[in-house]
Amino acid sequence: MIDLDYRTAFDMAPIGLVLSRHRLMVDVNQQFLAMFGGTRDEHIGQSFEVLYPSSDEYQRTGARIIGSLGADGRYADDRVMKRRSGEHFWCHVSGRALDAQDPHAAGIWSFEDLSARRVLKVDFTAREREIAALLIEGDTSKQIGKKLQISPRTVDVYRARLMRKVGAATTPELVHRLLSG
């Protein structure tokens, strides 16, 4: 019989879990390893940066988390992440800062692989991936511009590029195609 303790619950959880301090991985569970690849020892002490398609996306997402954190210290979004193999995939990330005043000091993060229902078929640039993720959340050009600290017009230019890449004629069609792969 398996002991039902906190360590077992963490290790056997059906979603990827990470405990962090200052954006470094302190502990990871089995589902996280199955999703991203590698061993526990290869991830412990590593920066979350290794999970991002680019260093710029890591930096900008960190800044966005701080700016978007709720009063309870919670944050969630869908974004493109990178496996150890180099493969990019859609992932739902949610987490909680243990101290909302210092969001990166310590946190608990969950990762859900969305690739079974959202296939990444087109090679997007880092900025296109960020804008695609925010469009999926339903943000307007003005909201995206504010979050990414760029003009709404620049967002519109990237949206047009995304639409051309996936063959969409309208923003709702673009979102549908991004969601369906």
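Just after helix 6 comes Gln-149, a residue with a positive phi, near 60 degrees. Helices here are DSSP runs of H or I with at least four residues, strands are runs of E with at least two, and both are numbered from the N terminus. The model is predicted, so local features need pLDDT of at least 70 and side-chain atom pairs count only at pLDDT 80 or more, while totals for chains, interfaces and linings use all residues. Residues are numbered from 1 along each chain as its sequence is written, and side-chain values use heavy atoms, with hydrogens and water left out.

Helix 6 itself is a good place to begin. Its buried residues (under 20% relative accessible area with a 1.4 Å probe, protein chains only) are Ser-141, Ile-144, Gly-145 and Leu-148. Seen down the helix axis, these residues fall within an arc of 100 degrees, so they line one face of helix 6; the arc is taken from the directions from the axis to the C-beta atoms. Lys-142 and Lys-146, on the other side of helix 6, are exposed, a term that stands for over 50%. The buried residues pack against helix 4, helix 5 and helix 7 (152-166), where contact means heavy atoms within 4.5 Å.

Helix 6 also takes part in the largest pocket. A pocket is an open set of points on a 1 Å grid over the protein atoms alone, with protein on both sides within 12 Å along at least five of seven lines, and a lining residue has an atom within 4 Å of a point. About 190 Å³ of space lies in this pocket, a volume being the space filled by probe spheres set on the points. Its lining includes Lys-146, Leu-148 and Gln-149. Helix 4 gives five residues, the largest share of that lining. By type, the lining holds two nonpolar, three polar and four charged residues.

Enclosed space is found too. A cavity is a set of grid points where a 1.4 Å probe fits but cannot get out, and two cavities of 30 Å³ or more turn up in the whole structure. The largest has a volume of about 120 Å³, and among the residues lining it are Phe-48, Tyr-52, Arg-79 and Trp-109. The second largest, of about 80 Å³, is lined by residues including Tyr-52, Arg-79, Trp-90 and Glu-130. Helix 4 (55-68), strand 3 (74-82) and helix 5 (126-136) each give two or more residues to this second lining.

Technical notes
Nonpolar A, V, L, I, M, F, W, Y, C, P; charged D, E, K, R; others polar.
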